[in-house]
Amino acid sequence: MKTILTGIKATGVPHWGNYFGAIRPALDMVSNLKHKDDRFYFFIADYHSLTSVRDPKVMEEYTYEVAAMWLACGLDPERVTIYRQSDIPEVMELFWMLTCHIPKGDLNRAHAYKAARDENEARGQEDLDHGVNAGLFLYPVLMAADIMLFDSDFVPVGKDQVQHIEMARSIAQRMNGLYKAPKGEKFVLKEPKELIQSEVATVIGLDGRKMSKSYQNSIPLFATENELKKLINRVTTDSLPPEVPKRPEDSFLFKFFELFGSEEEIANLRKRYEAGVGWGEVKQLLHAKANEHFSPMREIYFSLMNDRSKIDTILKEGARKASLDAKNVIRRVKQSVMGR
Ligand code: TRP
């Protein structure tokens, strides 16, 4: 039996990059499961959002958006425990015990914190910690607590999160070396491994750079048909006239099409490029394809968002299940570390 856990920070509807890079690979893992007693936990990391969100209404909205997104993408709450991080107070107990075992210097080197300092430096800010709250600094420890609270074996994440899983593993190793597991238990903390989908290339944005909310080049997962049309029209192309043969490798539109199309459809489009095709036509093809892919999910998403009682029920049940499992782990860790 293996335990697979992943979380998404509640910061608004994910975009195509999140979907193809992390969400869909994690969902595939659920559908390709090998052992029927494998355990899955998918949660909404709302405490992680608290490093930046400052409005409880917004927090609530973001939380529903992530929950609705997962359900719309086909996650089965009977099979997967879906819960809200802040419903599980044991996360905080483990968080503190871990915090006391990670060298501060390791956190100095964490990507998100370093990026914040680099940004201050680039802006000419004298205090490189300007605007950095301690929550942002401790972000990787909270993430380690999320993971180890459920004895997770595997954590499906995007490439940008690998450092965090490595940090979690190193805390587990350190604590397993320091403390004795209670009688009958094999470890104090289970050492987790990251699972990254290596064949998923970085999804590009409208301008060809990596798709990212901060670059304002992203396509939201549940953009309406019309929004989708507008966004696809913004994809950068060159100014070659339709009849000129074109190289698929150089075309952002082609890269987007590859996310959706079947092998045959991709091969056909390649031929069209080589024969000469107008950008307007490619945009139409892409729009149709993307719309076909997302519209069933979009429908479920909006119906869940319009009547949230279903989400409430699922999150409540998820919290109940997750709590039971978390309590067992906390009992074990506390006994090892605190002597009781
Ligand atoms: N840091 C992750 C993100 O921003 C979210 C997250 C929080 C997470 N805790 C986690 C992911 C535990 C996997 C496991 O996307």
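**Exercise 1. Place D153 and list its contacts.**

D153 sits in the loop between α7 and β4. Helices (H or I, at least four residues) and strands (E, at least two) are DSSP runs, numbered from the N terminus. The model is predicted: local features need pLDDT of at least 70, side-chain atom pairs count only at pLDDT 80 or more, and totals for chains, interfaces and linings use all residues. Residues are numbered from 1 along each chain as its sequence is written, and side-chain values use heavy atoms, with hydrogens and water left out.

Step 1. Is D153 buried or exposed? Its relative accessibility is 11%, so D153 counts as buried. Buried means under 20% relative accessible area, exposed over 50%, and partly exposed in between (1.4 Å probe, protein chains only).

Step 2. Set aside neighbours within four places in sequence; D153 is then in contact with M1, K2, T3, K190, P192 and K193. Contact means heavy atoms within 4.5 Å.

**Exercise 2. Find the environment of two non-glycine residues with positive phi, D151 and Q216.**

Step 1. Take D151. Its phi is about 50°. D151 is found in the loop between α7 (134–148) and β4 (154–156). D151 is buried, with a relative accessible area of 13%.

Step 2. Take Q216. Its phi is about 55°. The residue lies in the loop between β5 (193–195) and α9 (225–233). At 65% relative accessibility, Q216 is exposed.

**Exercise 3. Describe the packing of α3 and α12.**

Step 1. Two packed helices are described by the angle between their axes and the distance between the axes. Axes are lines fitted to C-alpha atoms, for helices over the stretch in contact, and angles run from 0 to 180 degrees between N-to-C directions.

Step 2. Helix α3 (residues 56–72) packs on helix α12 (residues 279–306) at about 140°, with the axes 9 Å apart. The two are therefore oblique to each other. Angles under 35 degrees count as roughly parallel, over 145 as roughly antiparallel, 65 to 115 as roughly perpendicular, and the rest as oblique.

Step 3. Which residues make the contact? From α3 come E61, Y64, E65, A68, M69, L71 and A72; from α12 come M297, I300, Y301, L304 and M305.

**Exercise 4. Characterise strand β1.**

Step 1. How many residues of β1 (residues 3–9) are buried? The count is 5 of 7, and the strand is mostly covered.

Step 2. β1 pairs with β2 (residues 39–45) in the parallel sense over 7 bridges. Pairing requires at least two DSSP bridges between two strands. In β2, A45 stands opposite K9.
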